[in-house]
Amino acid sequence: MDKKNLVWRDEKNSWLKRVRGAGFDDLVLYGRVISICENSARTGQELLLIDYLDYVWVVPFVRDKEKFVLKTLYQNRKLTRLFRRGEL
């Protein structure tokens, strides 16, 4: 996944920064991709797992031709525990 192919809505990014303390640009610039997996809850959507500030963030996205459209982001305690134990 090439970072230059990641796209998101600026309004959503501003809202995420205000409400969750981090935005797409923060995770893309300073985070480290751990894994990409299928989203079992939503057909056609995948999950990008990113290590950012020693915490695992989940970023659901969809593939749109050659772009990856980021939908939202959130921290995940369970995945962070697994990552810290080396089980992820």
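Is S14 buried, partly exposed or exposed, and what is its relative accessible area? In this predicted model, S14 is partly exposed, with a relative accessible area of 40%, and the views below begin from that residue.

**View 1. S14 in helix α1, and its place relative to F24.** The helix that holds S14 is α1, which covers residues 10-20. S14 counts as partly exposed because its relative accessible area, 40%, falls between the limits of under 20% for buried and over 50% for exposed. Along the chain S14 is separated from F24 by 10 residues, and the C-alpha atoms of the two lie 9.1 Å apart in space. F24 also appears in the next view, where it is one of the residues that line the largest cavity.

**View 2. The cavity found in the predicted model, with its lining residues.** When the whole structure is searched, 1 cavity of 30 Å³ or more is found, and the space in the largest cavity amounts to about 30 Å³. Its lining is made up of L6, F24, L27, V28, L48, I50, V59 and L70. Two or more residues of this lining are given by each of the elements α2 (24-30) and β3 (46-52), and it is α2 that provides the largest share, with 3 residues. In terms of residue class, the lining holds 8 nonpolar residues, while no polar and no charged residues take part in it.

**View 3. The buried and exposed faces of helix α3.** Helix α3 spans residues 77-84, and its buried residues are L79, T80 and F83. Seen down the helix axis, these buried residues fall within an arc of 105°, so they line one face of α3. The cover over them includes β2 (32-38), β3 and β4 (55-64). On the face of α3 that is turned away from this buried side, the exposed residues are R77 and K78.

**View 4. The two ends of helix α3.** At the N-terminal end, α3 is capped by N76, a side-chain oxygen of which lies 3.1 Å from the backbone nitrogen of K78. Beyond the other end, just after α3, G86 takes a positive phi of about 80°.

**View 5. R84 of helix α3 and its contacts with D54 and Y55.** R84 belongs to helix α3 and, with a relative accessibility of 52%, counts as exposed. Once its neighbours within four places in sequence are left aside, R84 is in contact with D54 and Y55. V56 is 28 residues away from R84 in sequence, whereas the C-alpha atoms of R84 and V56 are 9.4 Å apart in space.

**View 6. D54 and K65, two loop residues with positive phi.** Most residues other than glycine have a negative phi. D54, which is not a glycine, nevertheless has a positive phi near 60°, and its place is in the loop between β3 and β4. At 49% relative accessibility, D54 counts as partly exposed. K65, likewise a residue other than glycine, has a positive phi near 55° and is found in the loop between β4 and β5 (67-70). With a relative accessibility of 82%, K65 counts as exposed.

**View 7. N39 and Q45, two buried residues in the loop between β2 and β3.** N39 is found in the loop that joins β2 and β3, and Q45 lies in the loop between β2 and β3 as well. N39 counts as buried because its relative accessibility of 15% is under the limit of 20%; Q45, at 10%, also counts as buried. A polar atom of the N39 side chain lies 3.0 Å from the backbone nitrogen of A41. Apart from neighbours within four places in sequence, N39 is in contact with Q45, E46 and L47. For Q45, not counting residues up to four places away in sequence, the residues touched are E38, N39, P60, F61, V62 and K71. N39 and Q45 therefore appear in each other's contact lists.

Methods
Residues numbered from 1 in each chain as written. Predicted model: local features only at pLDDT ≥ 70, side-chain atom pairs only at ≥ 80, totals over all residues. Heavy atoms only, no water. 1 Å grid on protein atoms, 1.4 Å probe; cavity = no way out; pocket = protein on both sides within 12 Å on 5 of 7 lines; lining within 4 Å. Points joined across faces, edges and corners; volume = space filled by probe spheres on them. Helix = DSSP H or I, 4+ residues; strand = E, 2+ residues; numbered from the N terminus. Nonpolar A, V, L, I, M, F, W, Y, C, P; charged D, E, K, R; others polar. Buried < 20%, exposed > 50% of the residue type's maximum accessible area, 1.4 Å probe, protein only. Arc of directions from axis to C-beta. Contact = heavy atoms within 4.5 Å. Polar contact = N/O pair within 3.5 Å; in protein donor to acceptor, adjacent residues only side chain to side chain.
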